[in-house]
Amino acid sequence: MHKSLRLLGAGVHTAGPGKDYPSHAHTSWELVYYVRGRITCPIGDETYAATPGTVLLTPPRTWHAELSRTGYANRFLQVDAAPRWPWPRVCFDDGDRNLGRVFDSLVRESTQPSDDSDQLCSLLLGELDLLLRRAAAAPVTAAEQLVAQAERIFEERFASGIRIASVAAELGISPSGLRASFARLRGTSPSTALQHVRLRHALGHLRNSTLPLQAIADLTGYDSVSHLSRHIKAATGSAPGALRTAD
């Protein structure tokens, strides 16, 4: 990380449908990670469509706005860096949510500072700089973008009973198109990817808590205890109770 990189501020912004953020500019870079909703963002002479997992990076003194289509939430960073810093104008998070994790950590350290927050922020900015430089060098196809955005939605809403058709509609693609992209890029289906997220969280609760199975089912998007148990046994070969006893 170049020594001139410095975090000036960070936070969370939410808005309802039609609650646009008017055109404005900053004297520093603004980096925005979208966690919910669909937004149209004019930035300078370009216009970008943002969905969960999209990162938009606006250089200093560049006019930009947010046009809320569905309501949205984001994490934003104000970063002091050279105007021609080698970052992309747009990039997309990966399935492991590496960019989202760093954004969340920087917002937390900025809004809830501790004795070592300055050091942590410096390390996190270095990691973010590396991730963004890599994103600038790596071309992203439309299909890769859609799959990454769908994976981000799965991670955020796995407990809410979401359906693949609604995710596809939010991303502006047909369910069959989303299935085809997952099959080609991940070798699996979107419904299987969603179940893997639910299962991972369910096993975490099972092994690291004393929550009853009904509570775990409710927290991880399963319709019932029997539904939860079937998936756990299919994945591990053991019933939930046996796993908890073994631990």
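These are my notebook entries on helix packing, nonpolar cores and one residue in a predicted model.

**Ground rules.** I number residues from 1 along each chain as its sequence is written, and my side-chain values use heavy atoms, with hydrogens and water left out. Since the model is predicted, local features need pLDDT of at least 70 and side-chain atom pairs count only at pLDDT 80 or more, whereas totals for chains, interfaces and linings use all residues.

**Entry 1, H1 and H2.** I looked up how helix H1 (residues 98-111) packs with helix H2 (residues 117-137), and found an angle of about 155 degrees with the axes 10 Å apart. Helices here are DSSP runs of H or I with at least four residues, and strands are runs of E with at least two, numbered from the N terminus. The axes are lines fitted to C-alpha atoms, for helices over the stretch in contact, and the angles run from 0 to 180 degrees between N-to-C directions. H1 and H2 are therefore roughly antiparallel, a term for angles over 145 degrees. Among the residues that make the contact (heavy atoms within 4.5 Å), I noted Phe103 and Leu106 of H1 and Leu124 and Leu128 of H2.

**Entry 2, the cores.** I then looked up the largest nonpolar core, which has 27 residues, and those with the most contacts inside it are Leu31, Leu77, Val79, Trp87, Leu106 and Leu128. Such a core is a set of buried Ala, Val, Leu, Ile, Met, Phe, Trp, Tyr and Cys residues joined through side-chain atoms within 4.5 Å, where buried means under 20% relative accessible area, exposed over 50% and partly exposed in between, with a 1.4 Å probe and protein chains only. Strand E1 (6-15), strand E3 (29-43), strand E5 (54-58), strand E6 (64-80), H1 and H2 each give two or more residues to this core, and H2 gives the most, with 6 residues. Leaving aside neighbours within four places in sequence, Leu77 is in contact with residues including Leu7, Leu31, Phe103, Leu106 and Leu128. Apart from this core lies another, of 16 residues, among them Leu146, Ile153, Phe182 and Leu194.

**Entry 3, H6 and H7.** For helix H6 (residues 190-208) and helix H7 (residues 213-220), I found axes that come within 9 Å and cross at roughly 150 degrees. Arg198, His201, Ala202, His205 and Leu206 in H6 meet Leu213, Ile216, Leu219 and Thr220 in H7.

**Entry 4, Asn98.** I last looked up Asn98, which lies in helix H1 and is partly exposed, with a relative accessible area of 22%. Not counting residues up to four places away in sequence, Asn98 touches Asp93 and Leu131.

Technical notes
Parallel < 35°, antiparallel > 145°, perpendicular 65-115°, else oblique.
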